[in-house]
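I opened the model this morning to look up a few strands, loops and contacts. My notes follow in the order I took them.

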Amino acid sequence: MAEVEEQGRKPSEESTDDSEEEESEEEPKLKYERLANGVTEILQKDAASCMTVHDKFLALGTHFGKVFLLDVQGNVTQKYDISPVKINMISLDEGGEHVGICSEDGKVQVFGLYTREGFHENFDCPIKVVALHPQFGKHNTKQFVTGGSKLLLYERNWLNRWKTVMLHEGEGSITNIKWRANLIAWANNVGVKIYDISTKQRITNVLRDNISLRPDMYPCSLCWKDNATLIIGWGNSVKICAVKERDPMEMRDLPSRYVEIVSAFETEFFISGLAPLADQLVTLYYVKENSDQMEEEFRARPRLDIIQPLPESCEEISSDALTVRHFQENECRDYRLEHAEGESLFYIISPKDIVVAKERDQDDHIDWLLDKKKYEEALMAAEISSKNIKRHDVQKIGMAYINHLVEKGDHDTAARKCQKVLGKNMELWENEVYRFKTIGELKAISQYLPRGDLRLRPAIYEMILHEFLKSDFEGFAMLIREWPGELYNNMTIVQAVSDHLKKDPTNRTLLTTLAELYTYDQRYDRALEIYLRLRHKDVYQLIHKHNLFSSIEDKIVLLMDFDKEKAVDMLLDNEDKISMDRVVEELKDRPELLHVYLHKLFKRDHHKGQRYHERQISLYAEFDRPNLLPFLRDSTHCPLERYYHRH
């Protein structure tokens, strides 16, 4: 694969650790690979002189007069011995069925790749360019042009003979030509011209800017962006030309079309090739640099830039220096840039190397993010493009992210990411739990463990509970409250808590948690006993929820000592479960509590506790004198004379 060097590095410089650390954080736009297989063998014995690209195959011309048809991997599918000297240009029609070839010895051949019928001609001067009509395969468009010192148009007439029309001469050698739809653009020593084949009119002449540069050493690059936009690169000048229809009112003797230069700017380096990329340009530069050791310039690596054209300047989007083979020996004219229509594929051709540049896809973007340790961004990119990525797996990226966080010591974030990354993969979950145990961070992962439809083995949850029980009673209690009891073996944990309470029997947190464990295990009497002992607010809820009234008959004093008001309300609301007589019996040794109970009973119903009214007189007298008279007044079962007789 072609190496992409950091912009501006000299070929003699070696990369150091420091320079690698300072490497730009900007992500490259393109990726590169060498065209290998058959091409490697060809270029060991010969040298590339030109190439043209079709979406189905490639056609490569060499300095020794050979033309090779290649598949997109660089394998040779066909070979033609055309000439003993250099192939100057190859042209294909849009269908990829016909080819035009010209060579330095004046030979021109146009033939069908599958029929071999066609045109063969020898000229007495080198033919530099050839271009087939894009629709050459159709019967009425059997046309092509050749260029040496003249530009000639060949047309096959109805008698099946070739007719020649001279389109232009007299301005030096023609060095480049591109045919798009009805428009032919060509470059000679003076500038670039466009000819409209449909109207038989020449519609423009774009002059060359830097006439000091030899056109044979710094040839013009031409590229049609679409049917009406021509891009010209020459020396260090770029012009984007829009072909427009002229207003019929303004025509007079003028061509029906005209050209407007919509963008013109200069570049830092000499242009070897141009290609469109949406509204941007891919530009191949020939680079010369000054040496610190020597006065003269040396040939540096060629550069492939993506630029954004502006009306009078351009903005650099990306820039890559390419290590092509023998770049130190190449001139500007030795490089070419070809591109595949409709695909973001760019071929950098040099005599001893062909490099393919292509737009980076989402997999490449993720590669770059992972290389830069931007794991969270990589994971997000993979999730968004999960249906389009081919080489990456969302879960594997997530695992790499978790590993990175663990290595960094950010265990909380790593544990949190487990929920999203591990999903319903039980094996991965258990592996992560054991890893967190190994590094002593079980607590970090505990709150994120699955507890719904997916459940791990009970031993996993028990292992974590035991870990908390060793050092964090509050954390242990929180897990018992949050985790459904069916996640673990309840009796195993009850036993572990009981063992700890033997060492610390008054630990309120452990006692409360033990009560919750008993509740889950439906051992409500044990839970109630602990709640009462702790005077826990949940005691009344527990009694109501699980109908534990038979269990509290002998614990009424305890309940009232905890909260008299709540206890009395509960007892009165559930007289059918605990009788009034049983309550009075239980409270007989605690007259102050008995008074509270009987007072509230009387408030609810003056008649219900009538047989205790006489006892209540003394209770009111001792504990609640202000309410004694109202009681006597309202009670019909306790005559006032009896009160006065007593007092």
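I began at Val-99, which stands opposite Phe-111 in β9. This is a predicted model, so to speak of local features I need pLDDT of at least 70, side-chain atom pairs count only at pLDDT 80 or more, and totals for chains, interfaces and linings use all residues. Residues are numbered from 1 along each chain as its sequence is written, and side-chain values use heavy atoms, with hydrogens and water left out.

**Entry 1: around β9**

Strand β8 covers residues 98-103 and β9 covers residues 107-112; they run antiparallel and are joined by five bridges. For my own record, strands are DSSP runs (E, at least two residues), helices are DSSP runs too (H or I, at least four), and both are numbered from the N terminus. Two strands pair if DSSP finds at least two bridges between them.

β8 and β9 make a hairpin with three residues between them. Gly-106 sits in that turn and has a positive phi of about 90°.

What does β9 pair with besides β8? Strand β10 (residues 118-122) also runs antiparallel to β9, again with five bridges. There the bridge partner of Phe-111 is Gly-118, so I noted Phe-111 twice, since Val-99 faces it as well.β9 is mostly covered, with five of its six residues buried. Buried means under 20% relative accessible area, exposed means over 50%, and partly exposed is in between (1.4 Å probe, protein chains only).

**Entry 2: β11 and Val-130**

Next I went to strand β11, residues 129-132. In a regular strand the side chains alternate between the two faces of the sheet. In β11, Val-129 and Ala-131 point one way, Val-130 and Leu-132 point the other way, and all are buried.

Which strand pairs with β11? Strand β12 (residues 143-147) does, in the antiparallel sense, over four bridges. Ala-131 has Val-145 of β12 opposite.

I then checked Val-130, which lies in β11. Val-130 counts as buried because its relative accessibility is 1%. Leaving out residues up to four places away in sequence, Val-130 touches Met-89, Ser-91, Gly-100, Ile-101, Cys-102, Phe-144, Val-145, Thr-146 and Ile-177. A contact here means heavy atoms within 4.5 Å. One of these partners, Cys-102, is 28 residues from Val-130 in sequence and 6.2 Å away in space, C-alpha to C-alpha.

**Entry 3: Ile-307**

I found Ile-307 in strand β27, residues 303-309. Is Ile-307 buried or exposed? Ile-307 counts as buried because its relative accessibility is 2%.

With residues up to four places away in sequence set aside, Ile-307 touches Phe-265, Gln-280, Leu-281, Thr-283, Tyr-285, Cys-314, Glu-315, Glu-316 and Ile-317. I also took a distance to Glu-432: the C-alpha atoms of Ile-307 and Glu-432 are separated by 47 Å, with their positions 125 residues apart along the chain.

**Entry 4: two positive phi values**

Most residues other than glycine have a negative phi, and most peptide bonds are trans. I looked up two residues with that in mind.

Ala-181 has a phi near 55°, a positive value in a residue other than glycine. Ala-181 lies in the loop between β15 (176-180) and β16 (183-187). With a relative accessible area of 30%, Ala-181 is partly exposed.

His-326 is not a glycine either, and has a positive phi of about 60°. I located His-326 in the loop between β28 (314-322) and β29 (336-339). His-326 is partly exposed, at a relative accessible area of 38%.

**Entry 5: Glu-341**

Where is Glu-341? Glu-341 is in the loop between β29 and β30 (345-350). Apart from neighbours within four places in sequence, Glu-341 is in contact with Arg-180 and Trp-224. The C-alpha atoms of Glu-341 and His-54 are separated by 7.6 Å, although the two are 287 residues apart along the chain.

**Entry 6: the whole protein**

I left the totals for last. The protein has 21 helices and 31 strands, and 50% of its 647 residues count as buried. Its C-alpha atoms fill a box of roughly 155 × 60 × 50 Å along the principal axes.

The radius of gyration is 47 Å, against near 26 Å for a compact globule of 647 residues. That radius is taken over C-alpha atoms, and the globule rule is 2.2 Å times the number of residues to the power 0.38.

Counting contacts between residues at least 6 apart in sequence, I get 50% that join residues at least 24 apart.
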